Amino acid sequence: MTRPSTPTAAWRPGMPGGDNLPSGPAGRPAAPSGDGHGPEAGAPTVTIGSYPDYPSAQRVVDYLADNRFPVERSAIVGTNLTLVETVMGRMTTGRAALVGAGTGAWFGLFIGLLFGIFTAGNWVAVILVGLVIGAIWGAVFGAVAHAMTGGQRDFTSASSLRASQYAVTVDADVADQARQLLGRMHLTPTGATTR
């Protein structure tokens, strides 16, 4: 008869051989690499410019790319992010049914095309039937889904993230090269570039 072993008998941290981790169900685990403070940080970066809008920062990176700068070592970093939800209009049950019908029609068209490929007879009729049935079911589900919200969200909207400032950063060891190239680039006060 074997005696059940206790975990403390098999593995004791701080004891000789205690740096060996015990086996788990997937086998012997490896000790974590590094200093235990999370993933390794990348190369240090330097900010070479800050711009009020994304197109200006994009033009800077594009200019660097046009002048053979290794742009894979650069980044555009947006700071002070704000979530903006733009209200597009009022959502009614009829409009929800219309949007559902459009979505359902696309799905029905897809299913009709799949069945139409394997049909020996009139494949156009199969596609049209799939489109119509998809539109009807989509309208029903759209109307029911909107009615079930109980008027909690009677509008449509689109969300976007906006930053108040966009910084162009590069790896520290190529920052001087980037600054020299940007010295030749002329930005007008509106952010447009002239070459």
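Which residues in helix α3 are buried? In this predicted model, the buried residues of α3 are Ala96, Ala97, Gly100, Ala101, Gly104, Ala105, Gly108, Gly112 and Gly116. The report begins with this helix and its partner, then turns to the sheet, a helix crossing and the backbone.

**Helices α3 and α4**

Part of the cover over the buried residues of α3 is provided by α4, residues 123-148. The relation can also be described from the other side: the buried residues of α4 pack against α3. In α4, the buried residues are Ile127, Gly130, Gly134, Gly138, Gly142, Ala143 and His146.

The length of each helix can be compared with the span expected from its number of residues. Helix α3 covers residues 93-117, and its 25 residues should span 36 Å at 1.5 Å a residue. The C-alpha atoms at the ends of α3 are 36 Å apart, which agrees with that expectation. Helix α4 has 26 residues and reaches 37 Å from its first C-alpha to its last, close to the 38 Å expected at 1.5 Å a residue.

**The sheet**

The model contains an open sheet of three strands in the order β1-β3-β2, with antiparallel pairing. Strands β1 (45-51) and β2 (74-90) stand at the edges and have a single partner strand each, so one side of each is left without a neighbour in the sheet. On average, neighbouring strands of this sheet are turned by 35° against each other, direction ignored. Strands of a sheet pair through backbone hydrogen bonds, either parallel or antiparallel.

Strand β3, residues 155-171, pairs with β2 in the antiparallel sense over 15 bridges. Within β3, Thr156 is the bridge partner of Gly89, and Val168 stands opposite Ile76. Strands β1 and β3 also run antiparallel and are joined by six bridges. Here the bridge partner of Thr47 is Thr169 in β3.

**The crossing of α2 and α5**

Helix α2 comprises residues 54-66 and helix α5 residues 175-184; their axes come within 10 Å and cross at roughly 105°. The two helices are therefore roughly perpendicular to each other. On the α2 side, Val60, Tyr63 and Leu64 take part in the contact, and they meet Ala178, Leu181, Leu182 and Arg184 in α5. The residues of this contact divide into six nonpolar, no polar and one charged.

**Positive phi values**

Most residues other than glycine have a negative phi, and most peptide bonds are trans. Two residues other than glycine with a positive phi, Arg68 and Asn80, are set out below, together with a glycine.

| Residue | Phi | Location |
|---|---|---|
| Arg68 | near 65° | loop between α2 and β2 |
| Asn80 | near 55° | strand β2 |
| Gly150 | near 65° | follows α4 |

Are Arg68 and Asn80 buried or exposed? Arg68 is exposed, with a relative accessible area of 74%. Asn80 also counts as exposed, at 58% relative accessibility.

Methods:
Residues are numbered from 1 along each chain as its sequence is written. This is a predicted model: local features need pLDDT of at least 70, side-chain atom pairs count only at pLDDT 80 or more; totals for chains, interfaces and linings use all residues. Side-chain values use heavy atoms; hydrogens and water are left out. Axes are lines fitted to C-alpha atoms, for helices over the stretch in contact, and angles run from 0 to 180 degrees between N-to-C directions. Helices (H or I, at least four residues) and strands (E, at least two) are DSSP runs, numbered from the N terminus. Angles under 35 degrees count as roughly parallel, over 145 as roughly antiparallel, 65 to 115 as roughly perpendicular and the rest as oblique. Contact means heavy atoms within 4.5 Å. Ala, Val, Leu, Ile, Met, Phe, Trp, Tyr, Cys and Pro count as nonpolar, Asp, Glu, Lys and Arg as charged, and the others, Gly among them, as polar. Two strands pair if DSSP finds at least two bridges between them. The expected span of a helix is 1.5 Å times one less than its number of residues. Buried means under 20% relative accessible area, exposed over 50%, partly exposed in between (1.4 Å probe, protein chains only).
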